[in-house]
Amino acid sequence: MAEIVLSVRNLRKSFGALTVTDNVSLDLRAGEIHALIGPNGAGKTTLIHQIAGTARQDGGSIAFLDRDIGNLGVAERARLGLGRSFQVSSLAPEFSALRNVMLAVQSQQGSSLRLFRPVMRDSSLTEPAMKLLDRVGLADRAHVAAEELSHGERRRLEVAMTLALRPKAFLFDEPMAGMGPEGSRSLTGLLQELRQEAPILLVEHDMDAVFALADRVSVLVYGRVVASGSVSDIRSNAEVRRAYFGEHV
């Protein structure tokens with residue numbers, strides 16, 4: 001069995017009387033894509049927030065590369081290699097795609113953010129940034145402001161910025177959101193490539209993408225994992241079909 005890279009055990013989170021993470025356990029193994037699905041309000045994004053460190057769990061444990069990270073902050077988890085995709089709102093909209101990725105490269109290098117003009121002549125930043133843009137299919141859009149990119153292009157820019165941090169695991173929260181069929185197919189192909197670099201925990205509503213990508217699927221309903229297994233296991237699970245797909249079986 002492949003090495004366990006990320007392990008979540010008995011995680012709990014409540015907001016007042018509302019329990020949003022109810023004793024959740026799951027893991028992410030080397031080389032795989034593990035998809036997390038569930039209806040709206042199931043608690044998927046809150047779970048990702050806890051794993052990434054933007055929300056603190058009330059109980060349970062989170063281990064990454066055999067290290068307990070439950071008490072670490074977002075930046076500390078990122079430095080260990082836990083790469084959560086940047087959200088569109090985190091981009092500097094007035095900066096070019098190249099400049100945005102350069103800032104991510106610079107952050108990974110541990111140097112201070114140099115926002116003045118000479119930074120654009122720093123080959124230690126521009127060269128790796130251009131390679132990352134080329135990898136996600138944005139090399140020809142390098143000098144376009146992020147705010148002028150299409151929604152799908154901004155998603156790819158987020159991926160390039162995440163790759164700049166050299167992650168040992170990816171957390172993607174609905175990367176296909178707002179994309180049309182062509183954009184979803186293109187990003188699906190990119191995620192297939194990324195799994196060769198690091199395993200992916202994927203929250204996604206696009207079931208075509210999930211079933212095309214995932215090695216394993218966990219189903220979250222009202223904060224609890226009600227099923228976990230292969231795509232074929234999940235497709236044939238009666239409880240999942242009732243809870244998630246609304247089928248009467």
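Reader: Which residue in β10 does S218 stand opposite?
Author: In this predicted model, S218 stands opposite S228, which belongs to β10.

Reader: And how do β9 and β10 run, and how many bridges join them?
Author: The two strands run antiparallel, and five bridges join β9, which covers residues 216-221, to β10.

Reader: What is the strand order of the sheet, and is it open or closed?
Author: The sheet is open and is formed by six strands in the order β6-β7-β8-β3-β9-β10, with mixed pairing.

Reader: Which strands stand at the edges, then?
Author: The edges are taken by β6 (82-84) and β10 (224-229), and each of these has a single partner strand, so one side of each is left without a neighbour in the sheet.

Reader: What does the twist average from one strand to the next?
Author: From one strand to the next, the twist averages 20 degrees.

Reader: Which strands does α5 lie across, and at what angle does α5 run to β7?
Author: Helix α5 lies across β6 and β7, and its direction is at about 155 degrees to that of β7.

Reader: Changing topic to packing: which residues of the largest nonpolar core touch the most other members?
Author: That core holds 37 residues, and those touching the most other members are V101, L133, L157, F172, L191, L194 and I200. The elements giving two or more residues to this core are the helices α3 (97-109), α4 (123-135), α5 (151-164), α6 (181-194) and α7 (207-213), together with the strands β7 (169-173) and β8 (200-203).

Reader: What does F172 touch, leaving out residues up to four places away in sequence?
Author: With those left out, F172 touches S85, V159, L191, L194, I200, L201, L202 and V203.

Reader: Which residues does the second, separate core include?
Author: The second core, separate from the largest one, has 23 residues, and V5, L28, I51 and I62 are among them.

Reader: One more topic, the backbone angles: what is phi of N23, and where is N23 found?
Author: Phi of N23 is near 60 degrees, which is a positive value in a residue other than glycine, and N23 is found in strand β2, residues 18-29. Its relative accessible area is 36%, so N23 counts as partly exposed.

Reader: And D66, what is its phi, and is D66 buried or exposed?
Author: Phi of D66 is near 65 degrees, again a positive value in a residue other than glycine, and D66 is exposed, with a relative accessible area of 76%. D66 is found in the loop between β4 (59-64) and β5 (67-68).

Methods
Residues numbered from 1 in each chain as written. Predicted model: local features only at pLDDT ≥ 70, side-chain atom pairs only at ≥ 80, totals over all residues. Heavy atoms only, no water. Core = buried A, V, L, I, M, F, W, Y, C linked by side-chain atoms within 4.5 Å. Buried < 20%, exposed > 50% of the residue type's maximum accessible area, 1.4 Å probe, protein only. Helix = DSSP H or I, 4+ residues; strand = E, 2+ residues; numbered from the N terminus. Contact = heavy atoms within 4.5 Å. Pairing = 2+ DSSP bridges. Axes fitted to C-alpha atoms, helices over the stretch in contact; angles between N-to-C directions.
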